[in-house]
Amino acid sequence: MSSESSPTVLPPSRARAFSALFLIEMWERFGFYGMQVLLVVFMIEYLGFAEARANLTWGALSAMIYAAPVLGGWIGDKVLGARRTTLLGAVVLATGYLLLSVPWDRVIAGAWATPLLFFSMGVIATGNGLFKANPNNLVSRLYEGDPSKLDGAFTMYYMAINVGAFISQSLTPWIRVRYGWHWAFLACAAGLAIGIAQFRFQRRLVAHIGSAPDFEPLRLGRLAAVLGGTLLLAVLIALVVQNIAVARAIVWLSGLVLLGLFAVLIAGGGRSERSGLIAMLLLTAQSMLFFVFYQQMSTSLTLYALHNVRLDFLGYHVPPEQFQVLNPFWIALLSPLLALLYGALGRQGRDPSVAGKYAWGFALLALGFFVYAVSGGYAVAGRVSPWWMVWGYLLQSAGELLISGLALAMVSRYVGPARRGLMMGAWLLSSGIAQYLGSDVANYASVPAGMTDPLATLPLYIHLFWVLGWVAVGGTIVAILMLPLLHRLDASHRAGQHSAGAGREGERAGVPGA
């Protein structure tokens, strides 16, 4: 039978395939951000941690959460396939949130309750490692060879992340106030369960994209090895997160590994690949600075809300952690506008470089932190209006879209398909290292035990925000100074890709029937 009479053999449209990836990412982020919005305040108010310990424990867990995708990307590329690893990661994550929802201190008496709580965190970090790099990789393959649409696709994909975050960060703080902490964590597990069911239901829409193992029969021996490794890694991460000194050592070691990975790949690559990897390395360094600022949302900004922000907003009593929902709210509003702008500029041949967008992003970050810093001058009895948080988050979120939202597209632009999962994981590792450093930075404003007077805590936070604002100004200047070098690297990379593409076309032209 001819292909003309069999339209069903044609792959689904990009839009329909993208919708399946958009939704699984949205539900996965629902679970993750629903947990993130709660965890620092949970450790302080439920577990009785000091603020400095809570910040560093969350920083250590963040580092592990974002380090693990290096392995997950490799498993997706070489072992199970990107589609299968996405699904497996979602299942492991759902299990981790389910374990976190158990009140172990009430179920198991004695010394086992705390280790089981940290084991739950280890399972979450491992599940994120399996999941995180692989949907990104699938989106990259879906838009292969179309860079202007790739930036727009990843901006919309970043919107999926923030739609999930907005829903969960609106919902889980309300659940914890009304029903308790553990019901809020259970809602995170429920979100993953919905995402898993949706991805299975829509699996035919993405059946034509994936890495090489996706198109081979599943090897049960490989699956068993991955599951065994998942359990072992969850135990190791649980041990690391409990020990701040060990966590700090592993973070620094991870940084050295990351530099070594770039050095090996740059040294062994051709001219075009080398130019792309150097550009990615420089932009990754800028992204790491951004993630130091990003980590303030779940640490210093949340604790600023706890100590120094009036919590009545339009008649609603805001749980202090719920101010984090402003970040996905603004990103969900701004993402479609930026995607339309990138598409329009791309059609006119005027699409700004990724490096130029990074510079604008740091400028907006600086303005956002200056807004938080200036708010202290308008405090009444040590507390500021919640509107300062609204406008600060607007500027910070716009900067995030121009930096973190485009970082995913950056990896796709500069790394070939064979190594893309690995380098997605490497970029996520860099963000994990930076988020640990961000928690360390937040501790410059950690409130000593027993200090409850808003007039005493306010200067701690305002000083930190002024410093961070000026650091962001420095990041803007560095980003601008690096523009010429990054433009040269980008041009060299594109020229090499064009030459390679022309060579392949010539080879096909010489093959009869090609």
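In this predicted model, the charged end of Arg83 lies over the ring of Phe215, at 5.3 Å from the ring centre. A second case involves Arg53, whose charged end sits over the ring of Phe49, 3.8 Å from its centre.

**Aromatic pairs**

Rings also pair with rings: the structure holds 29 aromatic pairs. A pair of aromatic rings is described by the distance of the centres and the angle of the planes. Two of these pairs are set out below, each with the helices that carry the residues.

| Pair | Centre distance | Plane angle | Helices |
|---|---|---|---|
| Phe42 and Trp181 | 5.3 Å | 65° | α1 (residues 14–45) and α9 (residues 181–201) |
| Tyr372 and Tyr393 | 6.2 Å | 75° | α15 (residues 354–375) and α16 (residues 387–414) |

The planes of Phe42 and Trp181 stand at 65°, and planes over 60 degrees apart count as edge-to-face, so this pair is edge-to-face. Because Phe42 belongs to helix α1 and Trp181 to helix α9, the pair ties together parts that are 139 residues apart in sequence. Both partners are shielded: Phe42 is buried, with a relative accessible area of 1%, and Trp181 is buried at 11%.

For Tyr372 and Tyr393 the planes are at 75°, so the pair is again edge-to-face. Tyr372 and Tyr393 are 21 residues apart, and their pair links distant parts of the chain. Tyr372 and Tyr393 are both buried. They also belong to a cluster linked by ring pairs, in which the other members are Phe293, Tyr304, Phe369, Tyr461 and Phe465.

**Surroundings of Phe42 and Gln396**

Phe42 is found in helix α1. Apart from neighbours within four places in sequence, Phe42 is in contact with Leu47, Leu117, Trp181, His182 and Phe185. Its ring partner Trp181 is thus among these contacts. Arg176 is 134 residues from Phe42 in sequence, while their C-alpha atoms are 9.7 Å apart in space.

Gln396 is found in helix α16. Its relative accessibility is 2%, and buried means under 20%, so Gln396 counts as buried. With neighbours within four places in sequence left aside, the residues in contact with Gln396 are Phe293, Tyr294, Met297, Leu301, Leu364, Leu365, Gly368, Phe369 and Tyr372. Among them, Phe293, Phe369 and Tyr372 are also members of the ring cluster.

**Helix packing around α2**

Helix α2 (residues 51–67) packs with both α1 and α11. The axes of α1 and α2 are 8 Å apart and make an angle of about 155°. Angles over 145 degrees count as roughly antiparallel, and α1 and α2 are therefore roughly antiparallel to each other. Their crossing is right-handed. On the α1 side, Arg29, Phe32, Met35, Gln36, Leu39, Val40, Met43 and Ile44 take part, and they meet Glu51, Ala54, Asn55, Thr57, Trp58, Leu61, Ile65 and Tyr66 of α2.

With helix α11 (residues 244–268), the axis of α2 comes within 10 Å, and the two cross at roughly 40°. That angle makes α2 oblique to α11. The crossing of α2 and α11 is left-handed. Residues Leu56, Thr57, Ala60, Ala63 and Met64 of α2 make this contact with Ile244, Ala247, Arg248, Ile250 and Val251 of α11. Thr57 appears in the contact with α1 and in the contact with α11.

Terms used
Residues are numbered from 1 along each chain as its sequence is written. This is a predicted model: local features need pLDDT of at least 70, side-chain atom pairs count only at pLDDT 80 or more; totals for chains, interfaces and linings use all residues. Side-chain values use heavy atoms; hydrogens and water are left out. Rings of Phe, Tyr and Trp (its six-membered ring) pair if their centres lie within 6.5 Å; planes under 30 degrees apart count as stacked, over 60 as edge-to-face and the rest as tilted. Helices (H or I, at least four residues) and strands (E, at least two) are DSSP runs, numbered from the N terminus. Buried means under 20% relative accessible area, exposed over 50%, partly exposed in between (1.4 Å probe, protein chains only). A charge sits over a ring if NZ of Lys or CZ of Arg is within 6 Å of the ring centre and within 35 degrees of the ring normal. Contact means heavy atoms within 4.5 Å. Axes are lines fitted to C-alpha atoms, for helices over the stretch in contact, and angles run from 0 to 180 degrees between N-to-C directions. Angles under 35 degrees count as roughly parallel, over 145 as roughly antiparallel, 65 to 115 as roughly perpendicular and the rest as oblique. A crossing is left-handed if the near helix is turned anticlockwise from the far one by less than a right angle, and right-handed if clockwise.
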